[in-house]
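User: Hi! Could you take a close look at one part of this protein for me and walk me through what surrounds it?

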Amino acid sequence: MRHSSPPPAPEHRASYRDVLAQGVDRFLHAPRTTCPWCGAGRLRRRLRTTDLLQRKPGTFTLDQCLACGHVFQNPQLNENGLDFYYRDFYDGFWEDRAGRTWASLRRAYEKRAAFAAPHVRPKTWLDVGTGHGHFCAAAADRFPGTVFDGLDRGEGVELAVRRGWIDRAHRGLFPGLAPALAGAYDVVSMQHYLEHTTHPMRELQAAAQVVRPGGHLFIEVPDPECRFGRLLGRWWMPWFQPQHLHLMPMANLRRRLEDLGFTVVAQERCYFNGPVNLLYSAFLRVHNAAPAPDAPWFPAAPTRLQKTVRKAMLLGAFPLLLAAKAADRLTGLLPSGARVTDAYRLLARREPLSPA
């Protein structure tokens, strides 16, 4: 998380300056008064926060439905807002950083593939929200006879083809591409993708189109029922504002899949990348307390003094980060009923159509 990037070009900083001169309030829809998952009108504020990772300007609110427990960004980013806050995160200025992060998750990808392996023998697999295709590269060892394709809206999916990690790239939005891919895949996976989407139910409907009858849908998402979400407040990394728009409890997602003709054949509460809730929370606190690193969305590069102070604060926080990591390892020994895992995964079979 602390990899440095080369200084931004002057024109890069100038382009952000022009956008920010118009303010960031225009990046939000009007607030909702009902739950986007169940339609109930009983909402409460869960938390209010800022962009704690990139530190781009703006304030974001998560509300929770008192009827079904769904947590959602309210008001939600509009398309211009999504473009602004995603800009230079997975590509552009932070592309190398994103690639290193994904590459570091090899063990997590292998665990996800192992979770599905007892239930599926796919010839074709579509990974939705594939990024640079790192999961497909890892899963190919577990499923050597499977053809992996990837779908994403960014350029990374085409890079995955050039690297040989996927066979075909589908670039665009999943609901729009789904009709052309209907019934084409034995397995569709959505790994930490659904929470980023503006309308998760449309994404699930698209998956129901694309998974062939008898095939499987694999989903992994952050778990809003994790106790650390309440304990750590806005410093819990999986809240991940402003990118995470929807966080749904496991029971909600199970019921929706059943409504779409799926049967859940396996489920488990799990970690996104091992027990790191306290470590990531400690890092976010230090990262935001220290002077900001250089990035094109800041009006000026940090001074030499600011760079020195930031480096000193990060080095000084090293014992704190080590202690947090040790505490995380202890929480990793707790049983699943303790609800300290930060994610959950489901594997659901699409039932064959009944004969007329």
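Here is the part I would like to hear about. Where does strand 7 sit, and which strands pair with strand 7?

Analyst: Happy to! Please keep in mind that this is a predicted model. Strand 7 covers residues 185-191, and 7 of its 7 residues are buried, so the rest of the structure largely encloses this strand.

Let's take its partners in turn. Strand 4, made of residues 124-128, pairs with strand 7 in the parallel sense, over 4 bridges. Within that pairing, Val187 of strand 7 has Trp125 opposite. Strand 8 (residues 211-222) is also a parallel partner of strand 7, here with 6 bridges. In this pairing Ser189 stands opposite Phe218 of strand 8. As a general point, side chains in a regular strand alternate between the two faces of the sheet.

The connection to strand 8 can be followed too: helix 8, residues 200-210, joins strand 7 and strand 8 in a right-handed β-α-β unit.

Since you may also care about empty space, a search of the whole structure finds 2 cavities of 30 Å³ or more. The largest holds about 80 Å³, and its lining includes Thr49, Asp51, Arg234, Trp236 and Leu284. By class, that lining has 7 nonpolar, 3 polar and 2 charged residues. The second largest cavity has about 50 Å³ of space; among the residues lining it are Tyr85, Phe89 and Pro242. Its lining divides into 5 nonpolar, 3 polar and 1 charged.

Methods:
Residues numbered from 1 in each chain as written. Predicted model: local features only at pLDDT ≥ 70, side-chain atom pairs only at ≥ 80, totals over all residues. Heavy atoms only, no water. Buried < 20%, exposed > 50% of the residue type's maximum accessible area, 1.4 Å probe, protein only. Helix = DSSP H or I, 4+ residues; strand = E, 2+ residues; numbered from the N terminus. Pairing = 2+ DSSP bridges. Right-handed = clockwise from strand over helix to strand, strands pointing away. 1 Å grid on protein atoms, 1.4 Å probe; cavity = no way out; pocket = protein on both sides within 12 Å on 5 of 7 lines; lining within 4 Å. Points joined across faces, edges and corners; volume = space filled by probe spheres on them. Nonpolar A, V, L, I, M, F, W, Y, C, P; charged D, E, K, R; others polar.
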